[in-house]
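Colleague: I'm new to this structure and would love a close look at just one part of it. Please pick a stretch and walk me through it.

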Amino acid sequence: LDLILRKENLNKAYKQVKSNKGSGGIDGMQVDELLPYLRENQKTLIQEIRDGKYKPNPVRRVEIPKETKGEFRKLGIPTVVDRVIQQAITQELTPIYEEQFSENSLGFRPKRGAHDALRQCQKNVNDGYVYVVDMDLEKFFDTVCQSKLIEVLSRTIKDGRVISLIHKYLNAGVIANGMFERTEIGMPQGGPLSPLLSNIMLNELDKELERRGHRYVRYADDCAPRRRGLVA
């Protein structure tokens, strides 16, 4: 937690949130209002986090159309303050987990992207892997088992204050159509922390696919295992 709350890490997190822009959360505060707020309240905010008393705000529910007609992707937009805190957590945890992640995981990781996934797919074809299974984990973000995710996190992160803070973000709830909804399962898409948490959870899938000898490419919750022979 001390690393997360370092001044230079928090400043970097603020700059990243500011550059990403985006709309505000349930409190209506916009990115342009963030700096004066943090200048006035940063000491109190940091102390509340240290003492385990900080309570994240619920996220604001937004639905955007998916590629499939008539389907929508549910996003949860955190407040700009919560985005800074999530970004600060992400910046410290990412280097730790990057050492654990598979080379076949290419979504939402530093210096990796969709073009790298395509190149890896092409390499698999060139290496003679002709059978493909296209997998999409249905409603992955909406159905993540939070207790399992916390257990996986706890294997590496030994500071219970950090685990508790992440758990609070998972349990913060959603405001949809003016009504509060509890979030006892799943994790909201839309905050800086969610992509990292999804890769931490799905690293378990990567390990199992590799144990079974599959050649595969995973981009977030989309995955395409390949075998030279038929895949059952």
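Modeller: Gladly! Buried here means under 20% relative accessible area, using a 1.4 Å probe and protein chains only. This is a predicted model, in which local features need pLDDT of at least 70, side-chain atom pairs need 80 or more, and totals for chains, interfaces and linings use all residues. Numbering starts from 1 along each chain, and side-chain values use heavy atoms, without hydrogens or water.

Let's take helix H2, residues 34-50 (helices are DSSP runs of H or I, at least four residues, numbered from the N terminus). Four of its residues, Leu 34, Leu 38, Leu 45 and Ile 49, are buried. Their cover includes helices H1 (7-20), H3 (80-98) and H7 (160-170), with contact meaning heavy atoms within 4.5 Å.

H2 has 17 residues, yet its end C-alpha atoms lie only 21 Å apart, where a straight helix would reach 24 Å (1.5 Å times one less than the number of residues). At Asn 41, H2 bends by about 70 degrees, the angle between axes fitted to the seven residues ending there and the seven starting there. After H2 comes Gly 52, with a positive phi near 75 degrees.

One of the covering helices has another role to show you: H7 gives the most residues, 3, to the lining of the largest cavity. A cavity is a set of 1 Å grid points where a 1.4 Å probe fits but cannot get out, and lining residues have an atom within 4 Å of a point. Among the 14 lining residues, those closest to the centre are Gln 86, Tyr 169, Pro 188, Leu 193 and Ser 194.

Methods:
Helix = DSSP H or I, 4+ residues; strand = E, 2+ residues; numbered from the N terminus. Buried < 20%, exposed > 50% of the residue type's maximum accessible area, 1.4 Å probe, protein only. 1 Å grid on protein atoms, 1.4 Å probe; cavity = no way out; pocket = protein on both sides within 12 Å on 5 of 7 lines; lining within 4 Å.
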